[in-house]
Amino acid sequence: MAHAQEATTFNENESKVNWHDKALWFVRQKRDKAAFNVKGWETLRDLASAIKANVMSNLDIYLEEFEANAIKNGVTVHWAKDAEEHNKIVHGILQKTNVKKIVKSKSMLTEECHLNPYLEANGIEVIDTDLGERIVQLAEEPPSHIVLPAIHKTKEEVDELFQEHLGTKPCNGDPQYLTDEARKHLRNKFLKADAAVTGVNFAIAETGGIVVCTNEGNADMGAHLAKVHIACMGMEKLIPQEKHLGVFLRLLARSATGQPITTYSSHFNKPAPGTEMHIVIVDNGRTEQLSREDFRASLHCIRCGACMNTCPIYRRSGGHSYNATIPGPIGSILSPGKDLTKHSDLPFASTLCGSCSDVCPVKINIHEQLYKWRQIITKDVPQPIVKKSVLKVTGNVLANSKMYDFVGKSSRFMLKHTPRFLVYSKLNTWGKERELPEVKNGNFDEWYKKRKKNE
Amino acid sequence: MSRESILNAVRKNKPEALPLPEIDLNVFAEDKDLVKTFIENVQFVGGRAIVLESTDTIDAKIKEFYPHASKIVSCTTESSLGNISISAATEPHGLESIDLAIVKGDLAVSENGAVWIEENDFTIRVLPFITNDLVLIVNKEDIHLHLHDAYETISKRDRTFGLFLSGPSKTADIEQCLVIGAQGAISLTVLIL
Ligand code: SF4
């Protein structure tokens, strides 16, 4: 189903939409506070962006360097061209080591590859251990946000889920009680697991080490208790040297949740004695994205989720409406790169307000890339007739300043003088779900000219 | 082999070489009270940090904070409260019932309240995560301004496993309500010497 339709479904519960909107905006505000506290924040963003650009332009060299160093450290390195190969490799390692139960810590990559259903079909128990991930796993839903996977669920809903699956007592959604119960449940799973699968936040070419960041400590509980640790990484996670972590770790948690750093930033360099460590490097469309000059920078993403928390569309349409592993602004760039026909509506799920680009810690020009996708899509993909003609008119209007002026004036005139039933009719999609602004006399242009005269 | 085909595709698709930027640390220099900022940040992330006047008071302080801890692992010479000894041969699963672990941190970071600890500081990797409560001890002079400084020190070492640990385990996954004590240690106290 298309984004707009899914969003409409999400919008049926108005109070929940308002709650969702507020919850995410709260996180965005925390991000602002954290960012303003750092001297040289903008320099950090510039550095992060330039480091990532350097990585992309030398990716083959860094990948080989990383691989050689990881092998020297006693780690086994695997390469997967797509999701299927990734799943096969992981399953192969589990078979070889005779593993029946695994614990997983949050990894959008394994989500992207649909690892869980693959392993489950092969008789392996897979437990997601990040609390939010466990909640959506019990609900048999995908995560709706990359940092806050269960942000779309109320505490009452979690209460019910836990009663059903974990046998907890009704508690009116008391988060402390629910978290404590989840802790007990998951400890038991950690202690019994034979292997742990984690994601990778950063892979360092210079050392062959990887860094995994969590607040709960679940990646560590899994990896240090099990005999086998499998770390799955998208190939774009590389950074050249360890000192660059200083830049990225300062940006990541502040941008994600407003914390100065995640509770645990674990640096895995060598496997513990008597254990195995594997790293699976995954392409799955990334080399193709690398070839697209206009969209290459989307590979710089460090998955902080800030663009989602700030996006007025995401906040009011919910992550599931994007129908993709990575939702929100950055997902709307990545998804069409994978399947243009299936995701052709996503670049339109944006106001192009630019807020995403403003908060992005690695300075990806997100809104510009969305606009570029729109240009490609309106040319190449058949559009519903209404959207196409509206876009054409909009394009003409924006391109012509006289026309823009005229349309502005006349729509202000019309908004002021058209009967309400017409403004809020089915024909005017912009009147749907929102009150249109009260019309003041004059526009910016007129105001600006007046101001100039008075100077 | 996928390895070759991936690397070849990268070679074909990558853009022209771009330089690696220099990091000018002067931009981030600040004249701050490192200890004070560190303590504030530890509190901000849900932990507790205090300055101790002398090493002799360590045990008394820990007892005051954790009066009910009975199974204690101490990996430091600064405290004598440890009553369970561990070695490289200890089975990690056996640490499940530990009440308290005491570990000496190598360095700390003022900007985020994090303490850097390494495998050789705590012997068994899972210890600081699986313990119910955690006490870290750091020296005042090992508190760095920010992560850049910290990496200057730790990058030079040959390491197996290490981490920046900032506060107790926590989650906000249920309706964005912050709950302390998810999978890892439920509380964190940092004693500054
Ligand atoms: S695109 Fe930028 S803001 Fe969005 S998740 Fe990635 S790094 Fe964060």
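Contact here means heavy atoms within 4.5 Å. The exercises below use a predicted model, where local features need pLDDT of at least 70, side-chain atom pairs count only at pLDDT 80 or more, and totals for chains, interfaces and linings use all residues. Residues are numbered from 1 along each chain as its sequence is written, chains are lettered from A and ligands numbered from 1 in the order in which they are written, and side-chain values use heavy atoms, with hydrogens and water left out.

**Exercise 1. Sketch chain B as a whole.**

Step 1: start with the contacts. Take those in chain B between residues at least 6 apart in sequence: 71% of them join residues at least 24 apart.

Step 2: add the elements. Chain B has six helices and 11 strands; helices (H or I, at least four residues) and strands (E, at least two) are DSSP runs, numbered from the N terminus.

Step 3: get the extent. Along the principal axes, the C-alpha atoms of chain B fill a box of roughly 65 × 45 × 40 Å.

Step 4: look at burial. Of the 193 residues in chain B, 55% are buried, meaning under 20% relative accessible area, with exposed over 50% and partly exposed in between (1.4 Å probe, protein chains only).

**Exercise 2. Work out how enclosed β6(B) is, and what flanks it.**

Step 1: count. Six of the six residues of β6(B), residues 133-138, are buried, so the strand is largely enclosed by the rest of the structure.

Step 2: split by direction. Asp133(B), Val135(B) and Ile137(B) point one way, while Leu134(B), Leu136(B) and Val138(B) point the other.

Step 3: find the partners, where pairing takes at least two DSSP bridges between strands. β3(B) (residues 100-104) runs parallel to β6(B) over five bridges, and β11(B) (residues 187-192) is parallel to β6(B) over six.

Step 4: pick a register marker. Val135(B) faces Ile102(B) and also Thr189(B) in β11(B).

**Exercise 3. Trace the sheet that involves both chains, then place α6(B) on it.**

Step 1: write the order. Eight strands form an open sheet, β8(A)-β5(A)-β6(A)-β9(A)-β8(B)-β5(B)-β4(B)-β7(B), with mixed pairing.

Step 2: find the edges. β8(A) (238-239) and β7(B) (143-144) each have a single partner strand, so one side of each is left without a neighbour in the sheet.

Step 3: check the β7(B) end. β4(B) (residues 107-109) pairs with β7(B) in the parallel sense over two bridges, with Ala108(B) opposite Ile143(B).

Step 4: add the helix. α6(B) (residues 147-154) lies across β9(A) together with β4, β5, β7 and β8 of chain B, at about 160° to β4(B); axes are lines fitted to C-alpha atoms, for helices over the stretch in contact, and angles run from 0 to 180 degrees between N-to-C directions.

Step 5: find its inner face. Leu147(B), His148(B), Ala150(B), Tyr151(B) and Ile154(B) are buried. They fall within an arc of 160° seen down the axis, so they line one face of α6(B); the arc uses directions from the helix axis to the C-beta atoms.

**Exercise 4. Do the same for α18(A), and test its length.**

Step 1: list the buried set: Ile366(A), Gln369(A), Leu370(A), Trp373(A), Arg374(A) and Ile377(A). They cover an arc of only 150° around the axis, which puts them on the same side of α18(A).

Step 2: name what they meet. These residues pack against α14, α16 and α17 of chain A.

Step 3: test the span. The 15 residues of α18(A) should span 21 Å at 1.5 Å a residue, and the end C-alpha atoms are 21 Å apart, which agrees. The expected span is 1.5 Å times one less than the number of residues.
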